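Here are some exercises to work through with the model open beside you. Try each task before you read its solution.

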Amino acid sequence: MPPRLRAALCAVLLVLTCLLVPLGVVSTWAAYEIHDTDRYVATMAPLSADPAVRAAVADAVTDSLVKEIDAGPLQSTVESFVREAVGSFTGTTAFRTAWNAANRAAHAAVEQALENDSDGEVSIDLAPITEQVKRRLTEEGVPFADRIPVRHTEVTVMKAQDLSDYRKVFRMLQAAGLWLPVAAVVFAVGGILLAVRRRRAVLATALGTAAGAAALAAAVAVGRALTLDDLPPDVSRAAAGAVYDALTESLRVTAWVLVGLGLLVAAGVWLLSRRRPGKLSAGPPRL
């Protein structure tokens, strides 16, 4: 193979490697962290103890219950009792069970809508949670609690207009799965083997990997800010931020691990080149 063609092919393979690293991390995260129901529920489960999430759930449930109670002049007193009881309920095992069940139902609904080309909005029914809260309020003697009707209150998880765009991205990531990270490794090995100066190729690959992973970490941070900025005014930013952080934790950790690994390898190659400068500096700076 002519030297110029070999160098060009090597450069193309290494550039593709650096581009595929962040994409591979995202596709793996989407396929095995978000797509898997059990992993999703396990990821969301600790949020049942998060103060911001508990407060947001308590406010939402309290508001929905109080709307069903007409206590006349005792309305404010009853609302205070209800709010206190619901807040206490969010610290129980029953709430954690209901939280996991709600997340499992929401995840299943979203998955079904994305896979089946559904045009309707995705929602979950809060009636089971309302039933448990009503039972608890009745047992604690909260006035008028036994009169609360258990309605099928639906909370929208994903709007209809968002489904088509999410569906395309979801299917692309699902199809990619582990293929993108595997392709990145194959391209990296191929580029390094083709390189005339392999140590320089390893250095370029390591720095490119670190840069790609750092860009991914930055994208996650920017995505968080944009997501919170787009929230309706009645949605708790603290609770939404906690949910976003929980969902993207493995993504962030993987990105920073790759940044550290890339910089570590680059530093190792640089130290080796300092010992044998002639091997790296002789000749034109080509791969």
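**Exercise 1. Cysteines.** Decide whether Cys-10 is buried or exposed, do likewise for Cys-18, and then count the disulfides.

*Solution.*
- Step 1: Fix the cut-offs: buried is under 20% relative accessible area, exposed is over 50%, and partly exposed lies in between, using a 1.4 Å probe and protein chains only.
- Step 2: Cys-10 has a relative accessible area of 0%, so Cys-10 is buried.
- Step 3: Cys-18 comes out at 18%, so that residue is buried too.
- Step 4: A disulfide is called when a pair of cysteine sulfur atoms lies within 2.5 Å, and the count by this rule is zero.

A word on the ground rules: this is a predicted model, so local features need pLDDT of at least 70 and side-chain atom pairs count only at pLDDT 80 or more, while totals for chains, interfaces and linings use all residues. Residues are numbered from 1 along each chain as its sequence is written, and side-chain values use heavy atoms, with hydrogens and water left out.

**Exercise 2. The whole chain.** Work out how many helices and strands the chain has, and what share of its residues is buried.

*Solution.*
- Step 1: Helices (H or I, at least four residues) and strands (E, at least two) are DSSP runs, numbered from the N terminus.
- Step 2: That gives 11 helices and two strands, in the order α-α-α-α-α-β-α-β-α-α-α-α-α.
- Step 3: Of the chain's 287 residues, 35% are buried.
- Step 4: For contacts (heavy atoms within 4.5 Å), take those with a separation of 6 or more: 81% of them join residues 24 or more positions apart.

**Exercise 3. Aromatic rings.** Find which residues form the aromatic cluster and classify each ring pair.

*Solution.*
- Step 1: Rings of Phe, Tyr and Trp (its six-membered ring) pair when their centres lie within 6.5 Å; planes under 30 degrees apart are stacked, over 60 edge-to-face, and the rest tilted.
- Step 2: Two aromatic pairs pass this test.
- Step 3: Phe-89 and Phe-95 have ring centres 6.0 Å apart and planes at 75°, so they are edge-to-face.
- Step 4: Phe-95 and Trp-99 have ring centres 6.3 Å apart and planes at 35°, so this pair is tilted.
- Step 5: Phe-95 and Trp-99 sit four residues apart in helix α5, which means about one helical turn between them.
- Step 6: Phe-89, Phe-95 and Trp-99 make one cluster. Phe-89 is buried at 5%, Phe-95 at 2% and Trp-99 at 12%.

**Exercise 4. Helix α2 and a visitor from α5.** Establish which residues of helix α2 are buried, and what His-107 contacts.

*Solution.*
- Step 1: In α2 (residues 37–44), the buried residues are Tyr-40, Val-41, Thr-43 and Met-44.
- Step 2: Down the axis of α2, these residues fall within an arc of 160° (taken from the directions from the helix axis to the C-beta atoms), so they line one face of the helix.
- Step 3: At the start of α2, a side-chain oxygen of Asp-36 comes within 3.2 Å of the backbone nitrogen of Asp-38.
- Step 4: The side chain of Thr-43 reaches the backbone oxygen of Arg-39 at 2.8 Å. Beyond four places in sequence, Thr-43 touches Glu-33, Ala-246 and Leu-247.
- Step 5: His-107 belongs to helix α5 (residues 93–115) and is buried at 5% relative accessibility. Leaving aside neighbours within four places, His-107 contacts Ile-34, His-35, Asp-36, Thr-37 and Tyr-40.

Notes
A polar contact is a pair of N or O atoms within 3.5 Å; within protein, one must be able to donate a hydrogen and the other to accept it, and residues adjacent in sequence count only if both atoms are side-chain atoms.
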